[in-house]
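Q: Could you take a close look at one part of this model for me, the place where two neighbouring helices pack? I would like to see which residues meet there and how the helices are arranged.

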Amino acid sequence: MRILPVDESGIAPRRSETWARLAHRVSAFFGVDLGEAPAGQTWLAEYNSLTSAEIARGGLLPSREWHERVHGEWLAAHKGGKIALGDSPLLPKNTFWIAGHALIRGTGGGEPALRDAVPVTEGIHEIAPATTGRFGPDRKAALVLAGANEAFASLLPVFHDVIGTILSRQPELQFRVKITLWASLVLEAYRSQPCLFAASAQARAIQRALSLPWAPASIVEPIARSEFGSTDGQSSGQDPDLEPRELNVLDRTLKACLGDERDPYMRDELVSRWVRHLLESPDRGVVWVTETAPGRREAEVLLSTVDSIRSFLETTEQPESYESDHWSTLCPVAPDKDEIAWMPQKSRQALIWSLVQTYRILRDDPKIEDEDFRRHVTEQMAKATALSAAVLGPAHPLTYFAANRHALAQQRDLRQDDPKASIEAGLEVNRTAARLSELQHAGMVSGAFYAEVLVASSAAIRLSMADAEASGQHELATEIQNDLRWLWDSVFSTVGVDLDRELENARHGQTSTLLAALSPHVHNYARFLCDLDDIQAKERALVLMESVVIPAREGLARARKTERPLRLSLQVAVQVIDALLTAGQHPPETQKNWAKQAWEYTHRLIRMPYVQETLANQQSLTTSRAAALTAVVRGWLVALENEVGDSDVSLGQVREQIEKLARFNSVDLNRPLPSPASEALLTVERLHTRLLNIGVVAEALSVLARANFIADIPILSAEPPSPAATDAATADLRLALVRGEKDERDRHSSDELQWTHEMSDPETFIALRGTPRRHIDRWPALRLRWTGSGEGTIQVSMVQPFISPSVASVTATITLGDATYQVPLTWEDEPGQIVELQGSVTGVPKPSVNQSQVEVVVHGRTK
């Protein structure tokens, strides 16, 4: 199914058959059969190679190599004989045949002797040179544009029905929304016949370039051939049919959409700009060729509707307001079924398509960062889905498409507040994609339409997989993962990509133009690979990001002066590297190099205005800004953990941004996460835990390096300890070793000894959880005090800046000479406050006055 295919209904009665013939021939040359293609043949002609003679003839000429090969024996037998290209003495005279995928005219006698030639039974009516000579100023461009306008005329009523219906109900819709509706329909006209559209747009550009209406008002005789005023070899410039300058599906439809809202020059600029985005942009998508029957060739194109239109909108002037109280001017309202009951089927399909695509773009519009507005748009998507089921049928491909897009929007809206419902919405995305797959295999959905739906569904299905895994639904997560593998296999198979071969080439610095054209989709595929519990999949993801996606999006950023696509890819690249480093399965040198690369990507992100605004903003985040902020925090943590980069970021800065993410996700960092927790909540907690680890790792290791005693227990590890560890239950808690020295004199009496240890060196800070500190801070301040007579009591106190709510118990192991004592420590539970831990042990002999040192290991146990 193609949403907006041209047909012969638009071919108007003319004063001659010339325009009808042009419509059929031009369409056939560029992959569309309007019913009169020779023997059902369609071609995919390259505009620059096409000739006016071929248009007049009614079919393409064969290649010269084929012509000489099949006629070699005849030419050898007929010395001095010549055969014009496109003629064949091996076929009966005055007959036409399809051979070598070209139109061949017979010039011989007797029976046909050319193997595999197919007769053209319908008449071939050549257009006389005198007729084609009237077209100008560029003959070929005029012929192509005239024929294309006849073909595309069948789509004009559809544009009128769709845009007219929406604007008659909401004339106050803003300019930005109007051109979004128009651009979505034009894009589908392109996707439904890409080769015909591209050739027509090229012909339009040539005609406009050669028909500048500039000339002097007077002339001086005599006139040379090429001077103003001469008619030798020049067209009259009077007949728009013979000298077309407009492509109706572009120019006339935009004029109908905007009316007098923009002047003709602005409309012309908008048309040219949108065509360039579709056909010339670095992310214009990938085109491939299919042959639905022998000799019947069609082109299909895979490109992102949302990304294409968004990039177009970024280049247009938009002075309007985007406040939430202007929703009626920003969001088209889906009509009731009775309001469109009169529409033909093609117009109904186009209406559903353009509404859903417009809703998708509005939801992701960076200029409208309003979560309530996004939810409002989601409600309209639900209405559009119900409308499609009512007017097209519940099993129509567009109904599944609308349901798929609505479920995706629901998933994103619910992910923070209702993880269970969000997972179910993601499963609906998966189910509707599966239904479309069945329709595609039944031949009811085009490969281009099918591939775009799959790619657009991949992120939502991946989020469902991650959330199912996070909530403990491991079997469901595995099922979704298998579906995603199948989905991506289907995408690459549909567009003809051998991914294994492309990956191998990419590893050696050889990236094909095909894979580069698919970079927006390779970006999503790499993100999926990153989530797999497979180190090789993560390595493949990094190769794709570094060799394919980021270079392609750097080129896009230079061409369009837009940072968004590159920013999104840098975010994914940082996450992929972080996942590889977390796995820790590679040599230290490799790990270090990856960490450096992650820091470079992070540094580039931080320089982007969007990210700078996000870091500086102390108010609420959006989903997009939260994703950017998460990537930056990951990069900071990687740099700090691996001691790379020249960042002067402090732990306090990192904590500030993590707390911002926590507020956005409604996470209390001092309390256990709710169950089930979404992947987003788990991500925030993991980042916070890593930050706290860093607060101890960088500092405590320098103290341990100075100490004479190192405990045989796992230090600063968030993973289960090795079998050699002395206490597996302490693995999740940070450990600190301190060495105290006895005061030079007793402070109270000969029966009281006190050891103190205050960490004033900023590089020797030790804590159970790291917190920001100033250079003048002196903690932990550990004090041991023995009192008594003979055998007495050791009292232990330790000041900590913060104690995690996950800590169940803390014990101080004190070594005095050959004796060791275990002292449980208790504290007041005041999260976020400086805490004093206290404990005591009795029955301790009075230490020797000469015993000047005591060793203490503080460790703990989690809940």
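**Where α18 meets α19**

A: Happily! From α18, the residues Gly-447, Tyr-450, Ala-451, Leu-454, Val-455, Ser-458, Ile-461, Arg-462, Ser-464, Met-465, Ala-468 and Glu-469 touch His-474, Leu-476, Ala-477, Ile-480, Gln-481, Leu-484, Trp-486, Leu-487, Trp-488, Ser-490, Val-491 and Thr-494 of α19; contact means heavy atoms within 4.5 Å. These contact residues split into 15 nonpolar, 7 polar and 2 charged (Ala, Val, Leu, Ile, Met, Phe, Trp, Tyr, Cys and Pro are nonpolar, Asp, Glu, Lys and Arg charged, the others, Gly among them, polar).

This is a predicted model, where local features need pLDDT of at least 70 and side-chain atom pairs count only at pLDDT 80 or more, while totals for chains, interfaces and linings use all residues. Numbering runs from 1 along each chain as its sequence is written, and side-chain values use heavy atoms, with hydrogens and water left out.

Now the geometry. Helix α18 covers residues 447-470 and helix α19 residues 474-494; they pack at about 160°, with axes 9 Å apart (helices are DSSP runs of H or I, at least four residues, numbered from the N terminus; axes are lines fitted to C-alpha atoms over the stretch in contact, and angles run from 0 to 180 degrees between N-to-C directions). The two are therefore roughly antiparallel, the word for angles over 145 degrees. Their crossing is left-handed, that is, the near helix is turned anticlockwise from the far one by less than a right angle.

Just after α17, Gly-443 has a positive phi of about 80°. Helix α17 itself, residues 419-441, has 23 residues that should span 33 Å at 1.5 Å a residue, and its end C-alpha atoms are 33 Å apart, which agrees (the expected span is 1.5 Å times one less than the number of residues).

How values were computed: Parallel < 35°, antiparallel > 145°, perpendicular 65-115°, else oblique.
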